[in-house]
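Student: Could you pick one part of this model and go through it closely with me? I'd like to hear how its surroundings fit in, too.

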Amino acid sequence: MNVILERSKRFCGYLVGIVFFISGVFKLMDPVGTGLIVSEYYKFMHLEFLDFSSGIAAVTLSMAESLVGAALITGLWRRVVAIVTMCMTGVFLLVSVALVVFNPVMDCGCFGEAIHLTHLQTLVKNLILSLLCCASFFPFSALGQPKKRKYVAFSLVTAGLLFFMIYSLLYIPVKDFTGYSASARLAASERHIEGALADTEEYEAVFVYEKDGKKEEFTLENLPDSTWTFVSAETVRKERHRPEESIVTLPVIDADGGYHDYLAATGNAMVVSVYAPGKLSLRKWKVVHDYLVSAGDNGFRPLLLVAASPEAGQEIKDTMAASGDFDMDFIGDAMYFSDYKTLISLNRSNGGATFFYDGFLVRKWSFRSLPGPGRLSELGAEDPAESLLAYSTVGNLFFQAFFLFSFAVMLLL
């Protein structure tokens, strides 16, 4: 009986640990996005003065959740981890109650951008976690002892988490759960394609039959049996079925307020997005400038999208002109303006690049990993579908390999 009870308690602990670990890793993978979620919570709790710490708080909370989850799964330091888990779950439960009561327009961010829950779903999730914690940790005297090899497992997973955290801080997420993920299509491209298709519509014959007072439509390929009575026939436009696509907008606004979203929707377009221009030094602006010039030389339409007003954009141009290191005619043609929320969703790296082909998002790079002239030349000559597939595959494999490694070590070692 004691063995069954102990195993039941450990199973409940496993479940809580798995939720904590997955939740932490999803948030750790996208520290910029998690920082935005923390900022929303600061606003909700009227703690805007702490907004400067949102990034640090996001990484710290994500890492803490991941480590607590790993400790629960491996069964280490059971009494201490039980107390920490109960405290964290209690805080999460109180916050979720406040979200349900006040119903602010925000996402709970429990799993980053990967899974979106309503406030009520968040409350139910935290209630279930609280019940599982009670089943797993009480009484404290029956928590049991861990196996010594689990210390090795925890150390290996911690090392993996540290590597994952450093990579996520330096580069963009290995797997993108935002609407601006690989293969997303710009709305401007959708309008262009729909217009192009208007002159090439196809039609088919539809036959109306009746049986037992019920009328149904059939095509020539699936006519009904003789028990149905023919009523009429008509010619209708054939629907064009395309795979499910993520349609997103990308505002491209000039200094006079003109809208030019079509610029990134046709041909090869290389978009460098700067969502925090004040954080980009003149040296980094020069890197962006040189990269866009190189992209233009290799057949891409260079676009510099800045989250700023035209007046602030002019100040940036004046600073560039004063340095004498920039081709201001090129900057004048390439620089446009957009909104902060769009640009930080488009690319998590401030000054990162995004490659579009005919309005389809092919791939992204962080500021630290912008491709050189040789690679740009290869990209311009490659089939965009191959580049998109390779980019998505590598990210998915890395993401899956990390989870597989972590759970294999924690559960099997």
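Tutor: Let's start with the lining of the largest pocket, where H2 is the top contributor, giving nine residues. Keep in mind that this is a predicted model: local features need pLDDT of at least 70, side-chain atom pairs count only at pLDDT 80 or more, and totals for chains, interfaces and linings use all residues. Residues are numbered from 1 along each chain as its sequence is written, and side-chain values use heavy atoms, with hydrogens and water left out.

The pocket's volume is about 1,400 Å³. Its lining takes in 45 residues, and those nearest the centre are Val32, Gly33, Leu36, Tyr340 and Ile344. Two or more lining residues come from each of helix H2 (31-44), H3, helix H6 (149-170) and helix H11 (340-346). Helices here are DSSP runs of H or I with at least four residues, strands are E runs of at least two, and both are numbered from the N terminus. By class, the pocket lining splits into 19 nonpolar, 15 polar and eleven charged residues. For that split, Ala, Val, Leu, Ile, Met, Phe, Trp, Tyr, Cys and Pro are nonpolar, Asp, Glu, Lys and Arg are charged, and the others, Gly among them, are polar.

A pocket is an open set of points on a 1 Å grid over the protein atoms alone, with protein on both sides within 12 Å along at least five of seven lines; a cavity is a set where a 1.4 Å probe fits but cannot get out, and lining residues have an atom within 4 Å of a point. Points are joined across faces, edges and corners, and a volume is the space filled by probe spheres set on them.

There's a closed space as well: searching the whole structure turns up one cavity of 30 Å³ or more. The largest cavity has a volume of about 120 Å³. It is lined by 13 residues, with Arg10, Arg78, Ser136, Phe137 and Leu143 lying nearest its centre. Helix H1 (2-29), helix H3 (54-74), helix H4 (78-102) and H5 each give two or more residues to that lining, so H3 turns up around both spaces. The cavity lining has seven nonpolar, three polar and three charged residues.

Ser136 is a good one to zoom in on. It sits in helix H5 (residues 119-137), and it counts as buried because its relative accessibility is 5%; buried means under 20% relative accessible area, exposed over 50% and partly exposed in between, with a 1.4 Å probe and protein chains only. Leaving aside residues up to four places away in sequence, Ser136 touches Lys9, Cys12, Gly13 and Leu143, where a contact means heavy atoms within 4.5 Å. Leu5, in helix H1, has its C-alpha atom 9.9 Å from that of Ala135, although 130 residues separate the two along the chain. Leu5 is partly exposed, since its relative accessible area is 47%.

Now the cysteines. The structure holds zero disulfides, a disulfide being a pair of cysteine sulfur atoms within 2.5 Å. For Cys133, the nearest cysteine sulfur is that of Cys134, 7.0 Å away. Cys133 is buried, as its relative accessible area is 0%.

H2 and H3 also feed into the packing. The largest nonpolar core has 45 residues, among which Phe21 and Leu161 touch the most other members; a core is a set of buried Ala, Val, Leu, Ile, Met, Phe, Trp, Tyr and Cys residues joined through side-chain atoms within 4.5 Å. H1, H2, H3, H4, H5, H6 and helix H13 (384-412) each give this core two or more residues, and H1 gives the most, with eight. Not counting residues up to four places away in sequence, Leu161 touches Phe21, Val25, Leu28, Met63, Ser66, Leu67 and Phe402. A second, separate core of 31 residues includes Met270, Leu292, Phe300 and Ala334.

One last stop, just past H2: His46 is in the loop between H2 and H3. Its phi is positive, about 60 degrees, although it is not a glycine. Most residues other than glycine have a negative phi. His46 counts as exposed because its relative accessibility is 62%.
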